[in-house]
Amino acid sequence: MEIRNEVDFNVSNKKEWKNPSKIEYVEEGLKKFVINYDKLGIESIAFPKLGCGNGKLDWKDVKPLMEKYLKPLPITVYIYVDGYTEMFPQKKEGLNCQEHSKFKNLNFDALKKDIKETLTYNNNILYSDGLLKHIEWNDNRIVIQNGNTIEIEESQLCDFWDYIKNVGVIEVKKIPEMFSEFSTVMLQVFERLHYIQPVLIAKNEEYLNEGAGYQCVVAS
């Protein structure tokens, strides 16, 4: 049995809870983390966008600061960049999501139903080559068309969904080769359905960019 030790590290960014955050407090907290993470035995850590919720700081000011202190560290850092919107709204872009809350399991039949509905509402998506692609559910498969045609069979989609639910944090560069042909499109579809949320990932100066990672927020 794996035993995981968890440590809470608080980065204070205001003196009074009702006041706006201050960027200098965020920087001071990050400095303290850099000094102390090794002493605390921290091997990976997850941050929100510090001070950008009720603190009212602008992410475009906070992100470079977090990059400066966190990106060089030899530990894995996750930054949750989509944490200040309602995760599962009652209605979003014409799609009724009420039946799928994060407290319910999402089986494959429900997944197919939601994909069919969202593709009926909007069947265009930006593909990895920068071109807009047409995507639709056709019989028992997803078909992506614009030049070359890519077909995703139900069995492939099921395997990919199992991977998404079980892997924890999805690092785009580490997605298995068997899913590489269609993973970019399906990640966008899952994000549109609010099944995954974007996460910035950094370790040893490696990427801290939008689209580098996601986390599944639907119960498995």
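**Helix H4 and the nonpolar cores of a predicted model**

Me: What is the mean pLDDT of the protein?
Reply: In this predicted model, 75% of the residues reach a pLDDT (the predictor's confidence in each residue, from 0 to 100) of 70 or more. Local features need pLDDT of at least 70 and side-chain atom pairs count only at pLDDT 80 or more, whereas totals for chains, interfaces and linings use all residues. Residues are numbered from 1 along each chain as its sequence is written, and side-chain values use heavy atoms, with hydrogens and water left out. The mean pLDDT is 77.

Me: Which residues of H4 are buried, and on which side do they lie?
Reply: Helices are DSSP runs of H or I of at least four residues, and strands are runs of E of at least two, both numbered from the N terminus. Buried means under 20% relative accessible area, exposed over 50% and partly exposed in between, with a 1.4 Å probe and protein chains only. The buried residues cover an arc (of directions from the helix axis to the C-beta atoms) of only 155°, so they lie on the same side of H4. They are Leu157, Phe160, Trp161, Tyr163 and Ile164.

Me: Which residues are exposed on the other side of H4?
Reply: Helix H4 spans residues 154-167. On the side opposite the buried residues, the exposed ones are Ser155 and Asn166.

Me: How many residues does the largest nonpolar core have?
Reply: A nonpolar core is a set of buried Ala, Val, Leu, Ile, Met, Phe, Trp, Tyr and Cys residues joined through side-chain atoms within 4.5 Å. Leu157, Phe160 and Ile164 are among those with the most contacts (heavy atoms within 4.5 Å) inside the largest core. That core has 33 residues.

How values were computed:
The expected span of a helix is 1.5 Å times one less than its number of residues.
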